[in-house]
Amino acid sequence: MDNTFFAEYAWLVPLFPFIAFAVLTAMGKGLKKTGAWIGTIASFLSLVLSLCIAGERLSGNAPDYGNQMDWITIGKLKLVAGFEVTNLSTLMLVVVTLVAFLVNLYSQGYMKKDERISTFFAYVALFTSSMLGLVLSDNLLTFYIFWELVGVCSFLLVGFWYQKPEAKAAAKKAFIVTRIGDLGLLIGLLLLFWYMPGHALDFTTLHNVYDTQSGAISTGITTLIALLIFVGAVGKSGQFPLHVWLPDAMEGPTPISALIHAATMVAAGVFLVVRTFDIFEASQVAMNTVAIVGAFTAIFAATIGLAQNDIKRILAYSTVSQLGYMMLALGVGSVTGAMFHLFTHAFFKALLFLGAGSVIHSVHTQDIREMGGLGRKMKITAWTFGLGSLALSGIPPFSGFWSKDAILTAALDKQPILFVVAVIAAFFTALYMARLFFLVFAGKPREGQHAKESSSVMTIPLIVLAVLATVSGFVETPFNGWLGHWLFPEGAEHDASGLVMVVSAAVGLLGLYIGWLTFVKGTIRRNAISDRAPGLVTLVARKYYIDELYHVLFVRPLQGLGKVLDLFDDYVIDGVVRLTGHGASALGRLNSRLQGGQVQTYALTALISIVILVVAIAGRRFW
Amino acid sequence: MSMLSSYLTLAAVLFCIGLYGVLTKRNAIIVLLSIELMLNAVNLNLIAFSKYGVQPSLAGQIFSLFTISVAAAEAAVGIAVLIVLYRGRASVNVDEFDELRG
Amino acid sequence: MLNFNIDFTGEFVAFFLLSVCAIVGAVLAINFTKVVHTALSIALTFVALAGLYIVLEAEFIAFVQVLLYVGAITILMIFGIMMTKHDGEGTEPARPLLETLAAIGCLCLFGILFYAIRNANFPAQHAPFTDDNTREIGKLLFTQYAIPFELVSVLLTVAFIGSIALAKREVNTP
């Protein structure tokens with residue numbers, strides 16, 4: 001069989017959800033349950049096709065398949081659009097379609113009672129379609145278009161319950177904050193477009209330019225472009241200092257948090273850096289920036305996660321922290337590590353979010369202090385959530401251990417200080433996961449709680465994801481670097497480091513143990529730290545006052561500026577507009593008097609016009 | 001001043017009087033009559049040219065015959081339209097027929 | 001520029017008298033307020049024009065003029081006047097703007113025409129008309145102008161049938 005048989009049809013993968021979106025939008029709100037099935041079936045078709053492509057590529061050394069067409073031609077300038085199927089995009093295809101399908105399935109249960117369920121599924125389908133388009137893009141231009149599209153979908157879905165003012169504010173915040181990053185990305189792309197030989201923006205040319213003709217673009221410009229692209233990635237992937245939108249985005253429905261804000265869209269930033277990694281590699285400054293921002297975000301978000309009480313917010317900060325790990329991996333040059341962590345993280349974080357959703361669905365609160373003892377009532381949720389927590393905490397042999405290990409090894413190799421930071425962050429990760437898990441599932445049930453296990457459409461995705469979270473780590477272990485070879489055949493070897501494995505497993509276990517001591521046994525008093533250093537706890541609980549700082553630094557001055565501009569708009573711009581409008585309508589009234597329906601007036605006008613015309617033509621000979 | 005110029009001037013005078021009538025008269029019948037006057041001015045031109053033109057010939061007279069026929073047809077149709085309008089409006093004033101008002 | 005070196009020939013005298021009649025008829029037609037008066041005075045113009053046609057050696061046209069215009073069209077108009085009411089005539093509000101502008105426009109048009117006529121150079125030639133113009137016209141109509149002639153007859157038929165169809169009172173209209 002032809003090795004690119006399925007790859008040639010890869011464009012169908014984003015098309016299925018898009019058709020679902022079009023159908024759902026066209027049919028309107030009356031569909032309810034049917035609409036949910038349309039979305040689910042479309043994502044299932046995409047999943048099947050993605051698995052076919054993956055099977056094809058796994059079976060042998062299938063060549064990369066790309067297909068391009070001329071999109072816009074302006075003079076000599078030609079913009080092409082196309083898709084390409086590589087091992088990298090195949091991996092992303094599988095991850096996105098799998099999580100999307102499971103989330104679709106899960107949402108059937110979670111959103112069952114919502115009035116606008118078909119709208120919800122339409123948005124999810126549009127998001128899935130855009131995300132798959134982003135993954136398949138073979139050039140930065142279409143990549144950017146899909147990048148913006150997923151941003152729009154994120155906005156729509158975060159603000160899905162727009163009746164809640166918090167959701168509205170969160171949607172706006174998510175959109176505006178990522179927009180800052182997108183602006184950086186846009187400027188970076190324009191610069192790249194300007195400096196690239198032949199104004200090409202496709203990844204293949206990009207790779208060739210930096211691989212073979214080094215020096216085509218000067219180092220300074222390269223650094224600038226790399227940093228600007230990184231700004232885009234920072235915005236999308238919730239890295240410090242643009243991380244503020246991601247925890248707020250948890251106002252959206254929980255399946256959305258799992259799909260967009262844990263598994264796929266936020267990983268798009270990491271994916272962007274991976275795709276343009278040639279640019280980053282050419283600039284040491286950019287690499288260091290990526291590594292430092294990543295490591296700082298990892299520990300920064302992990303500490304905030306310790307002091308939160310909202311189950312979804314803890315997970316959100318955990319996501320920020322894990323994305324920081326991925327950035328750190330990229331910064332120390334381990335693309336494989338980043339992609340590997342992205343891969344495993346997609347599964348266990350989606351699992352955790354869906355598990356959290358199951359809990360919220362059951363007890364109708366998000367505050368972990370009001371939960372407890374749910375383990376006995378929600379066995380499946382508790383078990384799968386536990387597996388996800390172990391994977392996230394980096395306990396062997398779960399997937400998170402292997403991917404975190406890959407990153408830590410690379411970090412130790414390049415930047416030992418960042419390695420230490422990452423290890424501390426791993427400790428905090430284990431600690432806050434232990435706190436979360438024990439507070440929710442262990443201990444005594446609260447008064448008046450009627451928790452019960454969720455329906456099977458919600459638990460089946462949990463089980464599937466739990467299995468994946470457990471075993472997906474084995475595709476790349478220190479003893480078997482299969483994933484790295486598959487993704488980047490010419491990439492660096494993954495060297496095993498016993499020290500790293502021991503250390504990372506140890507801090508993970510230590511974190512869990514301390515958590516267990518604190519929140520189950522009570523050996524360590526819960527308020528041991530808050531009694532001694534209340535300021536520190538408040539500082540962390542208030543997320544280091546970043547939001548407040550931004551409010552004072554940016555929001556207030558911008559609001560003031562907005563007010564001034566509003567006045568300007570009201571009186572100057574609108575004045576001009578009104579003047580134009582009134583002028584036009586006055587002219588219109590004047591002219592409509594000519595159209596009075598009076599035949600004689602028309603004839604008179606014709607006569608006078610003829611006289612003027614004749615005089616003008618005949619009179620020319622006199623001057 | 002040759003005779004031709006005199007005839008042409010007379011025709012121009014009649015034409016302009018007719019035109020004034022068309023433009024200012026309210027009564028549709030007077031408007032129609034004014035149009036006939038204008039057509040007659042044209043006929044006078046044709047016949048004058050038929051006698052005094054650069055190439056005098058009977059063609060001018062034959063043309064004026066055709067013009068008269070067309071004028072007769074126009075007058076007949078015009079009166080018919082007027083009567084129909086009058087039935088609907090009970091008026092023959094041109095300025096009341098303003099369905100084309102913009 | 002205006003050089004009125006006019007030969008007082010018989011033709012000129014006839015032209016002068018008839019043109020005075022025509023212009024007087026036309027002006028009166030415009031100035032009368034009663035429609036019947038207008039129709040009658042315009043008939044005067046038509047008759048004067050018929051006389052001018054005779055002066056211009058177009059006897060057949062003059063005959064047709066009297067027959068059609070004076071006889072047919074004017075009568076048709078009078079029938080039209082009789083079939084419609086003219087109670088409010090003469091009492092309409094004046095439209096000074098329209099009238100002034102129309103007068104100015106007409107005067108300008110006349111000025112242009114007069115200027116053109118005065119500046120045109122017509123070689124003085126005389127038609128080699130025979131005494132029997134009518135016979136010549138008849139020959140031409142049935143030889144050289146046969147097709148236009150037939151077309152005009154078709155046009156007239158269509159027009160008259162059309163006007164009958166229009167003016168006929170329809171059965172179902174009140």
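**Chain B and its contacts in the predicted model**

Among the elements of chain B, the mean pLDDT is highest for α1(B), at 91, and lowest for α3(B), at 88. The model is a predicted one. Taken over the whole of chain B, the mean pLDDT is 86, with 96% of the residues at 70 or more.

Chain B contains 3 helices and 0 strands, and its order along the sequence is α-α-α. Of the 102 residues in chain B, 58% are buried. Among the contacts of chain B with a separation of 6 or more, 47% join residues that lie 24 or more positions apart.

An unreviewed UniProt entry lists residues 6–23, 30–50 and 62–86 of chain B under "transmembrane region". Two of these segments can be set beside the modelled coordinates. Residues 30–50 of chain B are 100% helix and 0% strand, and the C-alpha atoms at the ends of this segment are 30 Å apart. For residues 62–86 of chain B, the chain is likewise 100% helix and 0% strand, and the distance between the end C-alpha atoms is 36 Å.

The association of chain B with chain C was examined next. In this pairing, 58 residues of chain B are in contact with 70 residues of chain C. On the side of chain B that touches chain C, at least two residues are supplied by each of α1 (3–24), α2 (28–52) and α3 (59–89) of chain B. The largest share of that side, 20 residues, is contributed by α3(B). By class, the residues of chain B on this side comprise 43 nonpolar, 12 polar and 3 charged.

Chain A also touches chain C: 7 residues of chain A are in contact with 7 residues of chain C. The side of chain A that touches chain C consists of 5 nonpolar and 2 polar residues, with no charged residues.

Within chain A, helix α3 covers residues 87–110. This helix of chain A is mostly covered, with 23 of its 24 residues buried. Its length was compared with the value expected for a helix. At 1.5 Å a residue, the 24 residues of α3(A) should span 34 Å; the end C-alpha atoms of this helix are 34 Å apart, and the two values therefore agree.

Note on methods
Residues are numbered from 1 along each chain as its sequence is written. Chains are lettered from A and ligands numbered from 1 in the order in which they are written. This is a predicted model: local features need pLDDT of at least 70, side-chain atom pairs count only at pLDDT 80 or more; totals for chains, interfaces and linings use all residues. Two residues are in contact if their C-beta atoms, placed from the backbone, lie within 7 Å. Helices (H or I, at least four residues) and strands (E, at least two) are DSSP runs, numbered from the N terminus. Ala, Val, Leu, Ile, Met, Phe, Trp, Tyr, Cys and Pro count as nonpolar, Asp, Glu, Lys and Arg as charged, and the others, Gly among them, as polar. UniProt positions are given in the numbering used here, feature names are shortened, and annotations may be inferred rather than shown by experiment. The expected span of a helix is 1.5 Å times one less than its number of residues. A residue is buried if 20 or more other C-beta atoms lie within 10 Å of its own, exposed if 12 or fewer, and partly exposed in between; C-beta atoms are placed from the backbone. pLDDT is the predictor's confidence in each residue, from 0 to 100.
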